Amino acid sequence: MGGSCAQRRRAGRGQVLFLWLLPLFYSALCEPIRYSIPEELAKGSVVGNLAKDLGLSVLDVSARKLRVSAEKLHFNVDAQTGDLLVKDRIDREQICKERRRCELQLEAVVENPLNIFHIVVMIEDINDNAPQFDKKKIHLEIFESVSTGARISLDPATDPDINLNSIKDYQISPNPYFSLIVRVNSDGGKYPELSLEKLLDREEQRSHRLILTALDGGDPPRSATAQIEIFVKDINDNPPVFSKDEYRISLSENLPPGSPVLQVTATDVDEGINAEINYYFRSTAQSTRRMFSLDEKTGMIKNNQSLDFEDVERYTMEVEAKDGGGLSTQCKVIIEILDENDNSPEIIITSLSDQILEDSPPGMVIALIKTRDRDFGGNGEVTCDIERDLPFKIYSSSNNYYKLVTDAALDREKDPEYNVTIIATDGGKPPLSSSVNITLHITDVNDNVPVFQQASYMVHVAENNPPGASIAQVSASDPDLGPNGQVSYSIVASDLEPRTLSSYVSLSEQSGVVFAQRAFDHEQLRSFELTLQARDHGSPALTSNVSLRVLVGDRNDNAPRVLYPALAPDGSALFDTVPRAAEPGYLVTKVVAVDADSGHNAWLSYHVLQASDPGLFSLGLRTGEVRTARSLGDRDAARQRLLVAVRDGGQPPLSATATLHLVFADSLQEALPDLSDRPVSSDPQAELQFYLVVALALISVLFLLAVILAIAFRLRSSFSPSAWSCFQQGLCSKSEPRVPFNYNEGTLPYSYNLCVAHMGKTEFNILKSTAPLHSTQDVVDSNSSGTLIPLHVENNLTSYSETLTPQAPPNTDWRFSQAQRPGTSGSQNGDETGTWPNNQFDTEMLQAMILASASEAADGSSTLGGGAGTMGLSARYGPQFTLQHVPDYRQNVYIPGSNATLTNAPGKRDGKAPAGGNGNKKKSGKKEKK
């Protein structure tokens with residue numbers, strides 16, 4: 001069937017590497033692989049084992065994608081066995097027409113590495129065509145004067161087959177006058193001729209009928225017949241004679257149709273009709289007859305169609321000259337076509353990679369290109385080139401084959417695709433060129449990490465946020481394509497406990513939204529930090545991290561908590577004793593409260609809601625210190641009660657109340673009878689309603705009086721002093737002035753106007769209604785420096801004749817210098833308008849100290865009773881039990897909202913030692929006789 005280079009070059013010992021590299025240099029080292037097959041081979045027939053001839057294994061056939069390519073593909077490769085199979089019908093006469101040597105050029109292509117092998121398939125002729133005469137009936141005229149032995153040429157039969165399958169012999173039916181002679185030309189063609197064996201006699205027989213049979217050399221042979229009818233005419237003894245036996249001429253393929261090509265001439269020495277010569281084509285292919293025309297009278301040959309060197313390089317024809325007597329002669333005409341550069345080069349993309357990775361190294365083969373120019377010689381030499389400024393280059397790999405390879409690094413994010421124009425130019429003059437555009441799509445690889453929009457994130461979240469709310473969103477971008485550019489988010493680290501992280505926050509994997517899983521509490525968690533990771537979906541995946549810091553903002557969600565005074569373990573209220581000889585400014589006790597909030601929400605202020613005697617005690621607005629505003633009088637009650645409200649600085653403010661029970665006594669034994677005779681207080685709400693009714697009635701009376709006076713003024717044209725006679729001395733009630741008692745748990749929501757009547761005076765004073773006092777304002781006695789008078793008092797209280805004025809608001813510049821700034825201990829005393837410390841550590845330290853002191857006081861480790869300097873510790877611990885035996889929680893404790901610190905040094909509560917004995921504190925529930 002054929003041979004291959006692989007069959008001729010067998011690998012010996014030590015040549016394994018050479019055989020492995022042999023396919024790479026096959027085209028340069030070996031001749032084309034040749035196969036020979038007969039035409040009309042059935043589809044699927046095996047031409048040869050191409051894989052074996054190429055030195056490839058069966059596995060390499062599919063792995064290296066062995067295939068064949070040609071202009072018209074008549075063959076294909078079996079992917080399982082590597083056999084070269086017939087794909088389409090192969091007709092030698094149709095493919096090669098009149099050429100005796102019929103070969104098909106194929107290219108075998110393999111990949112990994114990419115290579116090409118040339119294959120030549122020789123098509124052998126089979127006897128598939130029978131001989132055929134141009135005319136089924138042949139008419140001949142012969143003069144009777146023709147002597148024996150004369151020969152008459154007959155039109156030969158044609159057979160497209162070649163060699164043995166072509167015309168082999170001619171036979172004629174038996175006849176006494178004629179015999180058949182087969183003449184063989186120099187090119188091997190056989191032409192039948194009739195030889196006259198016996199003189200003709202027209203009077204005896206006017207015509208003769210013969211059957212001419214043409215046989216080919218096939219097995220079995222095929223045949224064709226033609227009927228010959230010979231008419232005997234009068235004598236014509238001289239045949240025409242051509243000037244040349246063979247005519248040759250060369251024509252340019254650009255010759256326009258209808259142009260004269262060649263004129264053949266023949267002469268006849270006969271006269272008359274026997275000398276009239278006509279010219280005919282003989283033994284000429286139909287394609288030649290369609291291309292050229294012959295003038296029967298003149299012998300001029302013209303082209304009917306455009307000539308094309310690429311289709312037919314040479315035309316061969318026979319011209320017969322026949323005179324009027326029937327004698328004829330032949331000559332041969334050969335027309336050669338000259339090539340012109342009339343065909344542009346053709347570009348054929350044999351192979352094109354459908355996946356070009358952006359990380360492909362330089363030199364990677366992208367496409368395999370074949371060029372073809374149908375012109376001949378220099379007109380058919382083609383060179384290829386591409387545009388500049390592209391990361392590709394093209395070079396010739398073998399005859400008429402080029403490779404397009406990468407020449408620089410590719411970046412899909414910069415140029416996702418390239419339009420490459422391949423230009424082919426031939427070597428003609430002038431040169432012709434053609435171009436083809438191919439689009440190369442760059443395939444993405446995961447070479448870009450996700451990038452966050454910010455280097456770090458910080459968000460502020462107010463506490464008590466709703467669970468499930470979105471608190472932040474991070475976003476990262478990845479310029480890669482498809483899964484390589486899809487980003488998902490996750491939490492990879494946190495300063496929270498790993499077990500509790502999921503209960504605080506969650507992160508949407510797709511959107512990067514951070515959700516709060518619970519309501520945050522500023523008092524428990526001030527801030528936390530998360531490390532978020534953005535990961536793309538490439539393989540391998542690329543990641544980047546970013547930090548997210550969440551700051552939990554404070555809200556006013558904690559009311560102040562009163563640490564002192566506190567209730568006893570059995571739930572009864574405690575009392576403090578005050579020496580009767582206490583001078584103004586004497587520190588009686590201190591209301592201690594804390595607020596779990598921070599900042600302004602923990603800035604506490606202290607206000608008196610109710611007091612038995614408003615002028616007897618004063619309350620520090622920011623410190624909560626209760627001091628005597630004046631000395632104890634004979635008419636002052638020994639038992640005093642203060643209702644104190646503690647408000648924070650939040651919006652809206654929250655508050656808490658504390659009740660202080662104060663007893664003026666020099667000893668505990670003296671205070672006990674006052675406590676036992678303590679009357680049961682009436683219902684404050686009922687008293688308030690009563691006073692409101694009285695006030696309403698009084699206002700109504702005053703309104704009627706004002707109306708009457710207005711009418712009187714209208715009726716009288718002049719002023720009469722007698723109209724005011726009702727307002728003489730003694731008209732008003734001489735009973736004691738009273739201030740309505742009011743009690744309210746929490747923040748005081750009401751303010752009242754007071755009517756005060758002074759005895760011993762001749763006029764009636766009515767205080768005008770003023771604007772309600774704010775929660776942070778107290779009434780200040782003008783005679784007492786810095787003394788605060790509560791708004792509401794109980795029964796039997798002495799009214800102040802001085803004007804009541806609201807306390808001035810604190811200075812707007814409430815910040816302090818470093819020397820005045822409060823600390824955890826040892827801070828200098830300042831005014832009562834201090835601020836909450838800015839240092840978060842100091843604040844938390846102070847609150848912890850206060851809570852620790854309160855815990856000790858609650859479980860009995862620290863008490864508030866005793867003698868002087870003990871702030872009224874309970875008598876149940878004994879008179880000798882003083883603060884020197886237990887830690888005093890007030891010492892060096894900072895109170896929120898003040899820059900002063902509590903101290904408990906002996907003799908420093910009011911600036912000097914007390915006049916009376918040690919004050920004691922006792923439960924109010926016990927009773928004794930005076």
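**Note on the predicted model**

1. Among contacts in the chain between residues at least 6 apart in sequence, 68% join residues at least 24 apart. The model under review is a predicted one, and the points below should be read with that in mind.

2. As to overall make-up, the chain has 11 helices and 53 strands. It comprises 930 residues, and 42% of them count as buried. The accessible surface of the chain amounts to about 48,600 Å². Carbon and sulfur atoms account for 51% of that surface.

3. One sheet deserves a closer description. This open sheet has 4 strands in the order 25-27-30-29, and the pairing is antiparallel. Its edge strands are strand 25 (346-352) and strand 29 (392-398), each of which pairs on one side only. On average, neighbouring strands of this sheet are turned by 30 degrees against each other, direction ignored. As general background, the strands of a sheet pair through backbone hydrogen bonds, in either a parallel or an antiparallel manner.

4. Within this sheet, the pairing of strand 29 with strand 30 (residues 401-406) may be followed in detail. The two strands run in the antiparallel sense and share 6 bridges. Phe 392 stands opposite Thr 406, which belongs to strand 30.

5. How many disulfides does the structure hold? The structure holds 1 disulfide. It links Cys 96 to Cys 102, with an S to S distance of 1.7 Å. The link of Cys 96 and Cys 102 is right-handed, with 70 degrees about the S-S bond.

6. Is Cys 96 buried or exposed? Cys 96 counts as buried because its relative accessibility is 1%, and buried means under 20%. Cys 102 likewise has a relative accessibility of 1% and therefore counts as buried. Two further cysteines may be examined in the light of that cut-off. Cys 331 has a relative accessible area of 2%, so this residue is buried. Cys 384, at 12% relative accessibility, also counts as buried.

7. The final point concerns Thr 628, which is found in strand 48 (residues 625-628). Its relative accessible area is 3%, so Thr 628 is buried. Which residues are in contact with Thr 628, leaving aside its neighbours within four places in sequence? The contacts of Thr 628 include Val 578, Ala 582, Glu 583, Pro 584, Gly 585, Tyr 586 and Val 588. Leu 616 and Phe 617 are also in contact with Thr 628.

Key. Residues numbered from 1 in each chain as written. Predicted model: local features only at pLDDT ≥ 70, side-chain atom pairs only at ≥ 80, totals over all residues. Heavy atoms only, no water. Buried < 20%, exposed > 50% of the residue type's maximum accessible area, 1.4 Å probe, protein only. Contact = heavy atoms within 4.5 Å. Areas by Shrake-Rupley, 256 points an atom, 1.4 Å probe, with all protein chains shown as cover. Disulfide = S-S within 2.5 Å. Pairing = 2+ DSSP bridges. Axes fitted to C-alpha atoms, helices over the stretch in contact; angles between N-to-C directions.
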